[in-house]
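User: I have a model open and want to know what lies behind the labels. Can you take me through some helices?

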Amino acid sequence: MNVLIIPDKFKGSLTGTEVIEAIEAGLRRFDSNIQVHSITASDGGDGFLDAIRKTDESIETIRCETTDPLGRSIHAEYGFESKQGIAYVEMARASGMELLVAEERNPLLTSTLGTGTLIADALRRGAAKLYIGLGGSATNDGGIGIATALGYRFLDADGAALPATGGALSQIDSIDASGVMPELDSAQVFAINDVANPLLGPEGAAAVYGPQKGADGVMVVQLDHGLDRLQQIVQRDLKLDVANVPGAGAAGGTGYGLKAFLRAEFLSGIEFVLSLTGVESLLSGGTIDWIVTGEGRIDDQTAYGKLVRGVADVGEKYGVPVAALCGLLSLENASIEDLGLAKVRQIHDPQRPVEETIRRAKDLLVDAAEELLKAG
């Protein structure tokens, strides 16, 4: 039997590498002759840059002075391949939720400006192609922070420049693109993610992801209204209507901002990483019997494009069944079949405390992997 392992991390307990090790140990316990292939993957969120660097040793790590989601000075890294002029930017490095303590999380106040600073630095270095990994953000600013770093100005009714935050979106009256970096004209930008949410509404950026970033019910309504205001002004001033493109709601509307202000194309995160690893030749050759994926929590949002869904789509593309392991399986409106999965096993036992599951995650994952591919 040939198995390809492509998991996400189990947030708060295991890294992606540790998840791979545990799953492989369990599979070998199930079948000592099993052939295992594994990939440290990313759907564009946390870990995107690490996954990319593992595929190409020529990618240089650039350390850049920038700002965190609340505008504080930090240094963050991005990847740069100078011969071809290709930059790889992981949004979470400068605009990530992990950069803030819980009490600081407030998407009315946070900004993607720091990610924009990384993009601007890459453009000044001569980047002709930029791959922007979305996900893990603390922001809900529709990408106006990134746009501001590249020279766009968002003005209120009095013509004054607004701060590039989620809370300022509803005050936007016009967009000034006269100062945009000229380097952007000739650059190709690709937004890397596996999220299918639109910008607005009950499945949009604010409603679905805002609460994870510190938004209460009142804030969610305000943020959604602000994003709607943004897209109305973009339609009027830039003649672009892209709010309903699947993925526009990614990373607090950053997907929308990249498409509206940087003319970005959307690429599937997992398929992009797979294309760089060369593992697609294994899949197309018909030698893989199972793909095993997993993440800390599989829930209804998985259907909208977490890494697990991206892996399931790859399995469907190549006719390979996909099984998943998770810390907690919490499906209410979606089914396992809706997610494109053949099997799922969770490692958490409701009879024990969640803290114990987190502490014992690696051993429990080994046990679950041993049972995963058994018949029935």
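Analyst: Here are the helix labels, each set against its definition. This is a predicted model: local features need pLDDT of at least 70, side-chain atom pairs count only at pLDDT 80 or more, and totals for chains, interfaces and linings use all residues. Residues are numbered from 1 along each chain as its sequence is written, and side-chain values use heavy atoms, without hydrogens and water.

User: How do you know that the span of H7 is close to the expected one?

Analyst: The expected span is 1.5 Å times one less than the number of residues. H7 (residues 217–238) has 22 residues, which sets 32 Å; its first and last C-alpha are 31 Å apart.

User: What makes the buried residues of H7 lie on the same side?

Analyst: Buried means under 20% relative accessible area, exposed over 50%, partly exposed in between (1.4 Å probe, protein chains only). The buried residues of H7 include Met219, Leu223, Leu227 and Leu230. The buried set covers an arc of only 165° around the axis, so it sits on the same side of H7. The arc is taken from the directions from the helix axis to the C-beta atoms. On the other side, Gly217, Val218 and Val221 are exposed.

User: What do the buried residues of H7 pack against?

Analyst: Their partners include helix H5 (144–149), helix H6 (205–209) and helix H8 (250–262). Contact means heavy atoms within 4.5 Å.

User: Which helix packs with H9, and at what angle?

Analyst: H9 (residues 269–277) packs with H11 (residues 307–318) at about 65°, axes 8 Å apart. Axes are lines fitted to C-alpha atoms over the stretch in contact, and angles run from 0 to 180 degrees between N-to-C directions. Ile270, Glu271 and Leu274 of H9 meet Gly310, Val311, Val314 and Lys317 of H11.

Definitions and conventions. Helix = DSSP H or I, 4+ residues; strand = E, 2+ residues; numbered from the N terminus.
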